Amino acid sequence: MRRARAAGASQLREPKRSGSSGAPVAAGPAPGDSRSLRSTRGAGGGKRKASRQPPAKLPQAPEADCKKPLPPGELPPPPPPTPATPTSSESALDLGEQRERWETFQKRQRLNFEGAAKLLLDTFEYQGLVKHTGGCHCGAVRFEVWASADLHIFDCNCSICKKKQNRHFIVPASRFKLLKGAESLTTYTFNTHKAQHTFCKKCGVQSFYTPRSNPGGFGIAPHCLDEGTVRSMVTEEFNGSDWEKAVKEHKTIKNMSKE
């Protein structure tokens, strides 16, 4: 009689635990239920370790790409040397059968490669011209100019040239070279501001300037040239006081700065 009551009570209590009116079903652990999770793990007994999987490994860069830190005080190794490239223009120039003559010419003239090339270029490019040198009074400004030994001088009577006696001959810009004193020069302009009247800030002498008639060239003061290179001078008066008319009527002055 007691066994029958115990069996009946067990059947009555079972649906309440399972949550259904039918046959009892094994319920899985509810999410967040730590007690169910512990009971499920405990049921495995010794199989618990076998059911675990090793954690996935993250991909790593090859060892060759990893830069190991240098020990304190140790410098990184120098980069591999790059092949040397010739820097001399002479080594890059194929002189052919003329190399021996060229080297003999350099030794005879006691010039390096650049100096020998300049000598030959000056002789050929400025054929019929001489190299004049000159500058201001204090020596801060120095220049060289290639022009004829027989100079054609313009004596202008415009407002500024008359006051400072600006007699000059005109050359293309390619034949003029400022040797020193760029920082010592200052410029005065007026009216159309096309003429650039440059002069030395220290002594006030204008040894050259850029004339309005030839903005692509230079007007050189012959009285500022060093002695020994001028053979003769011919002076032409230029009516700069009526500048537009004088330039229009003059046949050659506008072309004197052209090559």
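**Exercise 1.** How many bridges join strand S3 to S10, and do the two strands run parallel or antiparallel?

*Solution.* The model is predicted, so local features require pLDDT of at least 70 and side-chain atom pairs count only at pLDDT 80 or more, whereas totals for chains, interfaces and linings use all residues. Residues are numbered from 1 along each chain as its sequence is written, and side-chain values use heavy atoms, leaving out hydrogens and water.

Step 1. Helices (H or I, at least four residues) and strands (E, at least two) are DSSP runs numbered from the N terminus; two strands pair if DSSP finds at least two bridges between them.

Step 2. Strand S3 (residues 150-156) is joined to S10 by seven bridges, and the two run parallel. Within this pairing, Phe154 has Glu236 of S10 as its bridge partner.

Step 3. The open sheet concerned has five strands in the order S8-S9-S4-S3-S10, with mixed pairing. Its edge strands, S8 (208-209) and S10 (232-238), each pair on one side only.

**Exercise 2.** Describe the open sheet of three strands, including its edges.

*Solution.* Step 1. The strand order is S1-S2-S5, and the pairing is antiparallel.

Step 2. Strands S1 (130-135) and S5 (176-180) each have a single partner strand, so one side of each is left without a neighbour in the sheet.

Step 3. On average, neighbouring strands are turned by 25 degrees against each other, direction ignored; the axes are lines fitted to C-alpha atoms, for helices over the stretch in contact, and angles run from 0 to 180 degrees between N-to-C directions.

Step 4. S1 and S2 (residues 142-147) pair over six bridges, and Glu144 in S2 is the bridge partner of Thr133.

**Exercise 3.** Establish which residues of helix H5 are buried and how H5 packs on helix H6.

*Solution.* Step 1. In H5 (residues 99-109), Trp102, Phe105 and Gln106 are buried (under 20% relative accessible area, with exposed over 50% and partly exposed in between; 1.4 Å probe, protein chains only).

Step 2. Viewed down the axis of H5, these buried residues fall within an arc of 100 degrees, so they line one face of the helix; the arc is that of the directions from the helix axis to the C-beta atoms. On the other side of H5, Glu100, Arg101, Lys107 and Arg108 are exposed.

Step 3. H5 and H6 (residues 113-125) pack at about 95 degrees, with axes 10 Å apart. H5 is therefore roughly perpendicular to H6 (65 to 115 degrees; under 35 is roughly parallel, over 145 roughly antiparallel and the rest oblique).

Step 4. Contact (heavy atoms within 4.5 Å) involves residues including Trp102 and Phe105 of H5 and Phe113 and Leu120 of H6.
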